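Biologist: I'm new to reading protein models, and I'd like a close look at a single part of this one. Could you walk me through how two neighbouring helices meet and what surrounds them?

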Amino acid sequence: MKAQKQHWRKKTYQKVTLETKLLVVDQILNGQISTNFASKKYDVPRTTITYWLRKYSTLVQQNNGMSKDKEIKKLKEKIEELEFQKDFQQDIIADMELITGVDMSKKSLPKTLAKEIELKKKARIKENGSMDVLGYLNKPSTKDSKHNKNNK
């Protein structure tokens with residue numbers, strides 16, 4: 001008995017609308033279905049679905065992506081905002097330490113931040129004089145400083 005030669009025909013598929021392609025890709029990316037299941041469900045080859053996935057991901061990157069310059073500008077603005085917040089918080093801590101006389105920053109902050117706050121405190125004292133517990137300025141008067149210089 002001779003084996004009859006079978007002619008293999010390439011399977012034909014119907015055209016798929018853009019909406020269906022996007023639906024399939026969305027379901028796969030969200031983990032609702034697998035590529036194999038989508039292939040069987042929508043009667044589309046797996047390689048075609050893989051192609052759609054690649055094409056869709058690059059399309060999303062192009063639409064959502066911003067230019068390098070815009071991204072750098074946005075990051076610089078964020079850095080500037082965060083530095084302002086840090087300076088403001090350090091100013092508050094320095095003022096509270098001057099008012100209360102308790103060095104909170106040395107105990108609870110990293111050394112670099114504690115040093116920055118210490119420098120802010122010194123600058124405040126230099127420009128305003130020292131503060132007591134009630135928040136009153138103990139500013140040395142010009143008479144006192146002249147008097148101290150003459151006694152030395």
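Modeller: Here is a walk through one helix pair and its surroundings. First, the ground rules: this is a predicted model, where local features need pLDDT of at least 70, side-chain atom pairs count only at pLDDT 80 or more, and totals for chains, interfaces and linings use all residues. Residues are numbered from 1 along each chain as its sequence is written, and side-chain values use heavy atoms, with hydrogens and water left out.

Let's start with the pair itself. Helix 1 covers residues 18–29 and helix 2 covers residues 35–42; they pack at an angle of about 150 degrees, with their axes 10 Å apart. (Helices are DSSP runs of H or I, at least four residues, numbered from the N terminus; axes are lines fitted to C-alpha atoms over the stretch in contact, and angles run from 0 to 180 degrees between N-to-C directions.) That makes helix 1 roughly antiparallel to helix 2, a label for angles over 145 degrees. Their crossing is right-handed, meaning that the near helix is turned clockwise from the far one by less than a right angle.

Who does the touching? On helix 1 the contact is made by Thr20, Leu23, Val24, Gln27 and Ile28, and on helix 2 by Thr35, Ala38 and Tyr42. Contact here means heavy atoms within 4.5 Å. These residues divide into 5 nonpolar, 3 polar and no charged. (Ala, Val, Leu, Ile, Met, Phe, Trp, Tyr, Cys and Pro count as nonpolar, Asp, Glu, Lys and Arg as charged, and the others, Gly among them, as polar.)

Now zoom in on alanine 38. Leaving aside neighbours within four places in sequence, alanine 38 is in contact with Val24, Ile28, Ile33, Asp43 and Ile49. Ala38 also belongs to the largest nonpolar core, which has 9 residues, including Val44, Trp52 and Leu53. (Such a core is a set of buried Ala, Val, Leu, Ile, Met, Phe, Trp, Tyr and Cys residues joined through side-chain atoms within 4.5 Å.) Helix 1 and helix 3 are the elements that give two or more residues to this core.

Next comes serine 39, also found in helix 2. Serine 39 is buried, with a relative accessible area of 15%; buried means under 20%, exposed over 50%, and partly exposed in between, with a 1.4 Å probe and protein chains only. Not counting residues up to four places away in sequence, serine 39 touches Val44, Pro45, Arg46 and Ile49.

Finally, aspartate 43 lies in the loop between helix 2 and helix 3 (46–64). At 37% relative accessibility, aspartate 43 counts as partly exposed. Its phi is near 55 degrees, a positive value in a residue other than glycine. Most residues other than glycine have a negative phi.

Conventions
Angles under 35 degrees count as roughly parallel, over 145 as roughly antiparallel, 65 to 115 as roughly perpendicular and the rest as oblique.
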